[in-house]
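Subject: Structure for you to look at

Hello,

Here is the structure I said I would pass on. Please open it beside this email and follow along.

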Amino acid sequence: EIAVLFRAGYMSADLEIELTNRKIPFEKWGGLKFLEAAHVKDVLAFLRILENPRDEVSWYRILLLLPGIGDATARAAVESMASAAWESAAFGRYSPPPRARPAHQALVGLLDALRSGISADEAKVAADIARVRMLYDSILRDRYDKAEPRLSDLDQLQTIAAGYPDRATFLSALALEPPQATQDLAGAASKDDNDALVLSTAHSAKGKEWEAVFVIWCVDGWFPSARCLNSEEETDEERRLMYVAMTRAKNYLSVTYPLNAYSTRRGSNYSLDQLSRFIDRGVRDRMERVAVGGPSAPAMGRESPAAPLIDLRALLRGRFGA
């Protein structure tokens with residue numbers, strides 16, 4: 001009876017991780033779960049072999065991504081490392097076939113940089129992912145279709161990682177088993193266990209209704225998407241999508257947005273957010289506004305439709321002179 005709606009699948013990434021940590025069952029409509037997407041698993045594999053050099057599954061995953069390295073070469077490399085008791089330098093000493101040497105050298109350089117990287121930055125895990133992506137993003141573009149949404153997923157993974165103090169803590173948080181009710185694909189939940197929170201893109205929610213609905217990331221640049229704002233036709237389609245999302249609730253509707261956000265997809269590391277242009281004054285006047293934060297954060301009631309307008313020009317003139 002509860003759903004969380006969003007414009008694009010990657011916007012639920014940090015929520016999915018938190019629900020998994022709290023063992024709250026959920027099903028996602030409109031695509032694969034964030035942590036089960038192949039490209040997210042690829043990037044996490046790099047971090048896993050740094051924390052556990054004996055992780056053969058992650059080694060195979062990484063090696064088979066690289067150009068010129070097939071199954072036989074990957075197996076030979078893993079066997080070489082195992083015979084050297086998984087020393088950190090063992091992969092660098094392995095001599096691959098000529099066709100695989102450029103990829104081998106690139107990976108050796110990346111792993112050496114990650115092992116030796118000493119940073120006082122609190123976002124060290126995010127910095128590690130950024131370094132991995134210097135090698136991986138081009139592989140993603142060659143290997144997978146629809147690269148842009150996948151790159152958005154990795155941006156979100158990087159943003160989430162910034163909240164963890166080290167790789168071990170981050171990987172431990174992601175390693176928890178997802179609830180049994182959580183499914184990979186839209187509409188695939190077990191009929192025997194329907195007590196699960198629904199996460200859905202607004203598009204996949206068409207024709208559905210829930211007792212309570214949360215619409216998240218309702219900020220300009222996210223919903224509507226920044227890529228759609230240069231076209232009046234595309235902006236109108238975004239508006240219709242927002243209408244679909246907000247009318248899925250039978251009795252309770254929460255429209256949420258962060259006051260600020262960290263995200264590389266927005267063109268800078270830090271941004272101040274503005275409530276979606278679709279939530280205009282006519283809509284806001286019929287909603288209760290609540291600010292969530294520390295003890296000093298005020299709870300605000302309905303906005304007054306008669307709020308006086310401010311003459312900013314006159315105010316500045318009086319403050320600074322003619």
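A residue counts as buried under 20% relative accessible area, as exposed over 50%, and as partly exposed in between. With a relative accessible area of 41%, Asp71 is therefore partly exposed. Please keep in mind that this is a predicted model.

Salt bridges

Side chains of opposite charge can pair when their charged atoms come close. How many salt bridges does the structure hold? There are 17 salt bridges in the structure, and three of these pairs are described here.

Asp71 is a partner in one of them: its side chain meets that of Arg75, at 3.0 Å from N to O. Both residues are in helix α4 (residues 71-83), and because they are four residues apart there, about one helical turn separates them. Arg75 has 42% relative accessibility, so Arg75 counts as partly exposed.

Another salt bridge joins the side chains of Arg7 and Glu238, with a distance of 2.8 Å, N to O. Arg7 is in the loop between β1 (2-6) and α1 (13-21), while Glu238 is in helix α10, so this pair ties together parts that are 231 residues apart in sequence. Are the two partners buried or partly exposed? Arg7, at 22% relative accessibility, counts as partly exposed. Glu238, at 4%, counts as buried.

Arg167 and Glu51 form a salt bridge through their side chains as well, at 3.0 Å from N to O. This pair links distant parts of the chain, since Arg167 belongs to helix α9 (residues 167-174) and Glu51 to helix α2, 116 residues apart. Arg167 counts as buried at 15% relative accessibility, and Glu51 counts as partly exposed at 38%. Glu51 and Arg167 are also linked with Lys124 and Asp128 in a network of salt bridges.

The sheet

Strands of a sheet pair through backbone hydrogen bonds, either parallel or antiparallel. In which order do the strands of the open sheet lie? The sheet has five strands in the order β2-β3-β1-β4-β5, and the pairing is parallel. Its edge strands are β2 (26-29) and β5, each of which pairs on one side only. From one strand to the next, the twist averages 20°.

At the β2 edge, the neighbour is strand β3 (residues 197-201), and the two pair in the parallel sense over four bridges. Trp29 has Ser200 in β3 as its bridge partner. Both faces of β2 are covered. On one side are Phe26 and Lys28, on the other Glu27 and Trp29, and all of them are buried.

The pockets

Rolling a probe the size of a water molecule over the atoms shows where empty space is left.

The largest pocket has a volume of about 780 Å³. It is lined by 20 residues, and Val255, Thr256, Tyr257, Arg289 and Val290 are the closest to its centre. Which strand gives the most to this lining? Strand β5 (residues 249-255) does, with three residues. Sorted by class, the lining of the largest pocket has twelve nonpolar, three polar and five charged residues.

The second largest pocket holds about 540 Å³ of space. Its lining has 21 residues, and those nearest its centre are Gly9, Gly30, Pro149, Arg150 and Asp153. The elements that give two or more residues to this lining are α2 (38-51) and α8 (147-161). Of these, α8 gives the most, with five residues. By class, the second largest pocket is lined by seven nonpolar, six polar and eight charged residues.

One more residue

Tyr257, already named at the largest pocket, also has a place in a pair with Trp222. Their C-alpha atoms are 9.9 Å apart in space, and the two residues are 35 apart in sequence. Trp222 is in the loop between β4 (210-215) and α10 (232-246). Is Trp222 buried or exposed? Its relative accessibility is 3%, so Trp222 counts as buried.

To go through the model yourself, you could begin with the pair Asp71 and Arg75 in helix α4, then go to the sheet, and leave the pockets for the end.

Best wishes

Notes. Residues numbered from 1 in each chain as written. Predicted model: local features only at pLDDT ≥ 70, side-chain atom pairs only at ≥ 80, totals over all residues. Heavy atoms only, no water. Buried < 20%, exposed > 50% of the residue type's maximum accessible area, 1.4 Å probe, protein only. 1 Å grid on protein atoms, 1.4 Å probe; cavity = no way out; pocket = protein on both sides within 12 Å on 5 of 7 lines; lining within 4 Å. Points joined across faces, edges and corners; volume = space filled by probe spheres on them. Nonpolar A, V, L, I, M, F, W, Y, C, P; charged D, E, K, R; others polar. Pairing = 2+ DSSP bridges. Axes fitted to C-alpha atoms, helices over the stretch in contact; angles between N-to-C directions. Salt bridge = Lys/Arg side-chain N within 4 Å of Asp/Glu carboxyl O.
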